[in-house]
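Let's go through some structural terms and see how each one is earned. Have a look at the picture, then follow the questions.

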Amino acid sequence: MKQNLEDLKNEFAHALETVKNRSELVNLKADFLGKKGKLNSILKSLKDASPEVKKSLGMKSNQLKEAVLAGVEKKMTHLELSEINEGLMKNWQDVSFRGSVRDNGLSAVGYHPVSIIQREIEDIFLSMGFEILDGPHIEDDYHNFEALNIPDTHPARDMQDTFWFSDMQHLLRTHTSCIQARGMETRKPPFKFIGPGKVFRCEATDASHEAAFHQLEGMMVGKDISVANLIYFMKTLLSEIFQKEVNVRLRPGFFPFVEPGFELDIECLICGGKGCSVCKQSGWVELLPCGMVHPNVLKSGGVDPEEYNGFAFGLGLDRLVMMRYGIDDIRHLHSGNLSFVSQFKAY
Ligand code: PHE
């Protein structure tokens, strides 16, 4: 019987060595110490032995039991540790490694050049006492055309290729002049305001045309406003923007909402007037259509044209940006390219 216990001890020691994981270990323990385990079956066979034999074998079997428990525990700790180590090796991460950081645009060092120019111009006009107004991109026929002296059948509607909504009553505003119409509705003269924003035209794109671009509208209404006032404000604006005198020319221009109307051109700053793709080889860039507000427009806005008059202008912001930074293709502005945008100084 003693020999049996000795064999069992050896068998256990041997089996313990071959155990590879925790579940095998749990099974091994049950195999030796469980109710129907090997140790118990030996003890059961001692039922009829003499008290002396029982005593000595009882002690031996207790020692064996303790040895098994101790062996299992030691092995368990060892297996747990090696499982942890294995996991660590498999999922190893170098925490000092700098991964690729996705640029979400917030880290771009600077503002979009159109925003930069827009804010500068807003500051200039704020300092001259103008308000800054906003207006909706989706406009109605009335504010984009009708109120601006462009009735339904007027050929001038064809000048502006319009993105109409299917109800044919609403459209993407083709110019910021709708802000004139809306601004007048809620003001009593004298007043002066500017209205910057995106405008949309259904036209083919090229180096100097985009279907979505930016304008900055301006309007001043009061008593005895003259073309001289208009020219003063336009010159102040341009010399502030370019920080130098730029060559300008004034041509007659037709817009139904102004009379007389002008086109103010500046000498192309990209080519210095020699001719390039931006100025269509002419040496001049149309920048500032303007004029004296048409009496019909004043009337639509609830202003008495007998008593008041005023001027209005619609500055093309994209061209201004291109002139200032020497950008030769308007399509860069909407390219969404962060390396393009981050070249410009923050405002
Ligand atoms: N709204 C005109 C355009 O987009 C520009 C303009 C504005 C002309 C104000 C005169 C006065 O072409």
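**Terms and what backs them up**

Q: What makes the link between Arg201 and the ligand a polar contact?
A: An N or O atom in the side chain of Arg201 sits 2.8 Å from an oxygen atom of the ligand. A polar contact is a pair of N or O atoms within 3.5 Å, so this pair counts. Ser177 has a side-chain N or O atom 2.8 Å from a nitrogen atom of the ligand, and for Gln215 a polar side-chain atom is 2.9 Å from a ligand oxygen.

Q: Where do these values come from?
A: The model is predicted, with local features needing pLDDT of at least 70 and side-chain atom pairs pLDDT 80 or more, while totals for chains, interfaces and linings use all residues. Residues are numbered from 1 along each chain as its sequence is written, and side-chain values use heavy atoms, leaving out hydrogens and water.

Q: Why is α8 called oblique to α10?
A: Helix α8 (residues 227-242) and helix α10 (residues 317-325) pack at about 45 degrees. Under 35 degrees is roughly parallel, over 145 roughly antiparallel, 65 to 115 roughly perpendicular and the rest oblique, so α8 is oblique to α10.

Q: Which residues of α8 and α10 meet?
A: Leu238, Ile241 and Phe242 in α8 meet Leu320, Met323 and Arg324 in α10, where contact means heavy atoms within 4.5 Å.

Q: How many residues in this contact of α8 with α10 are charged?
A: One is charged, five are nonpolar and none is polar. Asp, Glu, Lys and Arg count as charged, Ala, Val, Leu, Ile, Met, Phe, Trp, Tyr, Cys and Pro as nonpolar, and the others, Gly among them, as polar.

Terms used
Axes fitted to C-alpha atoms, helices over the stretch in contact; angles between N-to-C directions. Helix = DSSP H or I, 4+ residues; strand = E, 2+ residues; numbered from the N terminus. Polar contact = N/O pair within 3.5 Å; in protein donor to acceptor, adjacent residues only side chain to side chain.
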